[in-house]
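Colleague: Please take a close look at one part of this model, the packing of helices between the two chains. Tell me how far to trust what you describe.

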Protein chains: 2
Amino acid sequence: MSKHIVESFETELERMDKAIGRMGALALRQVDDALRSLLNGDDRLAARTVEEDREIDALDAQVMEQAVTALALRQPMAADLREVLAALKIPDELERIGDLGKGIARRTYVMKNETPRPPLVRLRAMGDLVKRQLAAVMDAYEQRDANAAERIWKRDREIDDWHSSVYRELLTYMMEDPRTITACAHLMFIAKNLERMGDHCTHIAETVYYVAKGERLKNRPKGDDPARPAGIGDDAS
Amino acid sequence: MSKHIVESFETELERMDKAIGRMGALALRQVDDALRSLLNGDDRLAARTVEEDREIDALDAQVMEQAVTALALRQPMAADLREVLAALKIPDELERIGDLGKGIARRTYVMKNETPRPPLVRLRAMGDLVKRQLAAVMDAYEQRDANAAERIWKRDREIDDWHSSVYRELLTYMMEDPRTITACAHLMFIAKNLERMGDHCTHIAETVYYVAKGERLKNRPKGDDPARPAGIGDDAS
């Protein structure tokens, strides 16, 4: 405790910032490892991916504690307060991205034994898009770049479109060959997990914008027309 | 602004508490309406459900602002600080539950025209379970009841088990009658949305526990064994 008081607030903020950056890097690796374990049917990588999620969880708890301590002892205002708020919000999103990655890795075991299974080339491309989105939003956070955050926020639609298209394709495989139904159902959830990771990136982008600008991004990027029916595979928009 | 300074901090906390309670009630109605619109094929109720989600979004933004203002102007400590932290965390979860409800309501339009479709009795029961979980966790919040929060937190496994069982059942319908594939795929996502609502209730329970006790609940209730493969339909556990 005394360390916190002696240390400058600047140093505390830097430490949280660094931990969040580390969480972002771990989440990105988690997504990458999860997809690779699935695509290569690599059980050992899958087990490691599940295991490594613990580090993200531990960092999440640690940053939360640092942020709460900072609020209690430093009583920050304005931009400093926004920094601490980001430290309360962003780790939650990264922790959930890690969980979703773990969910994908876990399917490696079942997917390995499913034959025939549909081609995974589009899923791979969708995964690459999500990884780029996550890397970009963590860059935007590092730079406190509101413009970049807004661009990333708008780009989430692209991931949603990919998701719908992967989903439709899986549906056609199921119909053409019922032996692929189980594998395709797993792949639908994997695609959905990737789409949800995109949503979490969008939430991070909102927080980055708020930290940098002191105001909230208006209007969710997703369609909000009440009369619009669900796109196939479309969800929490 | 001057109003905030004149008012007692107590009053501010009460106002946030009330808004969160209102959000909880709205989210619960959202889930209920979404399920009823789907199960009865009621387009108008579905449209209203999607529309009404805006109120939850508006309250979410409002509570966030109140909480940030309270942090900046009141610089709360200890239990008061935890109250404000809850006001920063819980609305996000409720907002996402509302979004998931909206996602279910949107599927009413497509599901209506899908025939044949599988019986929905188990999905309805799963929905009832999720509604009870949400009502219980909002009660626990209202009472700042750590024991109740912990019980609710542990009960999430039950929702996960229901989810796996609904998922498996849908898979068998798909295999037996490929004409049900599209309907079943939609229903899988609906079941998944319900399961995710359960996850958000778990997150709320964690926050309630923290507000009441000043410490974090340890060990996620979900299985975390790296060697354990994904249950079918199992995900971000």
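Modeller: What follows covers confidence, then the helix pair, then the core.

This is a predicted model. It scores ipTM 0.84 and pTM 0.89. Chain A has a mean pLDDT of 90, with 89% of its residues at 70 or more. Confidence varies along chain A. Among its elements, helix α5 (residues 121-143) has the highest mean pLDDT, 97, and helix α1 (residues 2-6) the lowest, 53. Over residues 223-229 of chain A the pLDDT falls below 50. Beyond near neighbours in sequence, that stretch still has 18 contacts in the model. Where pLDDT is low, predicted coordinates should not be read in detail.

Now the helix pair. Helix α4 of chain A spans residues 78-112, and helix α3 of chain B spans residues 43-74. Their axes lie 11 Å apart, at an angle of about 130°. An angle between 115 and 145 degrees counts as oblique, so α4(A) is oblique to α3(B). The crossing of α4(A) over α3(B) is right-handed. On the α4(A) side, A:L81, A:L85 and A:K89 make the contact. On the α3(B) side, the contact residues are B:M64, B:V68, B:L71 and B:A72.

Next, the core. The largest nonpolar core has 156 residues. Within that core, A:L94 and B:L94 have the most contacts. What does A:L94 touch, leaving aside neighbours within four places in sequence? Its partners are A:I20, A:M23, A:G24, A:A27, A:I56, A:L134, A:M138 and A:I204.

Definitions and conventions
Residues numbered from 1 in each chain as written. Chains lettered and ligands numbered in written order. Predicted model: local features only at pLDDT ≥ 70, side-chain atom pairs only at ≥ 80, totals over all residues. Heavy atoms only, no water. pLDDT = per-residue confidence, 0-100. Helix = DSSP H or I, 4+ residues; strand = E, 2+ residues; numbered from the N terminus. Contact = heavy atoms within 4.5 Å. Core = buried A, V, L, I, M, F, W, Y, C linked by side-chain atoms within 4.5 Å. Buried < 20%, exposed > 50% of the residue type's maximum accessible area, 1.4 Å probe, protein only. Axes fitted to C-alpha atoms, helices over the stretch in contact; angles between N-to-C directions. Parallel < 35°, antiparallel > 145°, perpendicular 65-115°, else oblique. Left-handed = near helix turned anticlockwise from the far one by under 90°.
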